[in-house]
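Here are my notes on the model, jotted down as I went through it. Have the viewer open while you read.

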Amino acid sequence: MSTLSSFNFSGKKALIRVDFNVPLNSDLEVTDASRIEAAKPTIIHVLEQGGSAILMSHLGRPGGEAKPELSLKHIADKVAEILGVAVKFSTSCVGPEAEAAAAALEPGQVLLLENLRYHNEEKFLTIL
């Protein structure tokens with residue numbers, strides 16, 4: 001069975017689905033960073049192996065609509081602070097902009113994509 005530690009990330013780009021659905025205050029500042037902290041070991045493992053990390057997440061439930069208050073750009077600085085590396089941000093999670101930003105990543109760099117739930121294709125499933 002393959003595990004994270006059995007894969008060589010050197011020169012590779014890892015697309016990582018993280019749970020950065022963190023609470024924000026009225027100033028759009030992260031009030032509880034525990035979910036970012038929980039993802040740190042995985043991200044750092046990729047970086048330490050010479051790979052780069054492309055992070056994708058949702059924030060809130062914007063219902064397929066781009067809502068500025070639910071942009072992941074508000075958490076990019078907190079992610080950078082916790083990881084100890086600069087975090088680039090793409091204002092899209094699909095299409096030419098996101099593809100170009102991902103292609104430009106060098107080993108050791110991190111890219112945070114915009115909120116996945118700005119697109120109807122990313123649906124919240126409820127299990128009854």
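1. Start with E29, bearing in mind that this is a predicted model. E29 has a relative accessibility of 43%, so it counts as partly exposed, since the partly exposed class runs between the buried limit of under 20% and the exposed limit of over 50%. You'll find E29 in the loop between β1 and α1. Leaving aside residues up to four places away in sequence, E29 touches P23 and L24. E29 also has K78 at 8.5 Å, C-alpha to C-alpha, although the two are 49 residues apart in sequence.

2. Next, have a look at L28, which is in the loop between β1 and α1 too. Its phi is near 60°, a positive value in a residue other than glycine. As background, most residues other than glycine have a negative phi. L28 has a relative accessibility of 26%, so it is classed as partly exposed.

3. Now for the whole chain. Reading along the sequence gives β-α-β-α-β-α-β, and the tally is three helices and four strands. The radius of gyration is 15 Å, close to the 14 Å that the globule rule gives for 128 residues, so the chain is as compact as a globular protein of that length. The C-alpha trace spans about 35 × 35 × 30 Å along its principal axes.

4. A few more chain-wide numbers. Of the 128 residues, 38% are buried. The chain exposes about 7400 Å², and carbon and sulfur atoms supply 53% of that area. Take the contacts between residues at least 6 apart in sequence: 70% of them join residues at least 24 apart.

5. How are the four strands ordered in the sheet? The order is β1-β2-β4-β3, in an open sheet with parallel pairing. β1 (13–17) and β3 are at the edges with a single partner strand each, so one side of each has no neighbour in the sheet. On average, neighbouring strands are turned by 25° against each other, direction ignored.

6. Here is the pairing, strand by strand. β1 and β2 run parallel and are joined by five bridges; I16 has L55 in β2 as its bridge partner. Between β2 and β4, also parallel, there are three bridges, and A53 stands opposite V110 in β4. β3 and β4 run parallel with four bridges between them, and K88 has L111 in β4 as its bridge partner.

7. It's worth checking which way the side chains point. In a regular strand they alternate between the two faces of the sheet. In β1, A14 and I16 make up the covered face, while K13, L15 and R17 are on the uncovered one. In β4, V110 and L112 point one way, L111 and L113 point the other way, and all of these are buried.

8. On to helix α2 (residues 76–83), where A76, V79, A80, I82 and L83 are buried. Viewed down the axis of α2, the buried residues fall within an arc of 165°, so they line one face of the helix. The general rule behind this is that an α-helix has 3.6 residues a turn, so residues three or four places apart point the same way. The exposed residues D77 and E81 are on the face of α2 turned away from its buried side. Right after α2 comes G84, with a positive phi near 80°.

9. What do the buried residues of α2 pack against? Their partners are α1 (34–48), β2 (52–56), β3 (87–90) and β4 (110–113). The helix α2 lies across β2, β3 and β4, and it runs at about 155° to β3.

10. Last, a quick return to the strand pairing, to place the other helix: β3 and β4 are parallel and joined by four bridges. α1 packs on the sheet and touches β1, β2 and β4, with its direction at about 150° to that of β2. Set that beside α2, which lies across β2, β3 and β4.

Terms used. Residues numbered from 1 in each chain as written. Heavy atoms only, no water. Buried < 20%, exposed > 50% of the residue type's maximum accessible area, 1.4 Å probe, protein only. Helix = DSSP H or I, 4+ residues; strand = E, 2+ residues; numbered from the N terminus. Arc of directions from axis to C-beta. Contact = heavy atoms within 4.5 Å. Pairing = 2+ DSSP bridges. Axes fitted to C-alpha atoms, helices over the stretch in contact; angles between N-to-C directions. Rg over C-alpha atoms; globule rule 2.2 N^0.38 Å. Areas by Shrake-Rupley, 256 points an atom, 1.4 Å probe, with all protein chains shown as cover.
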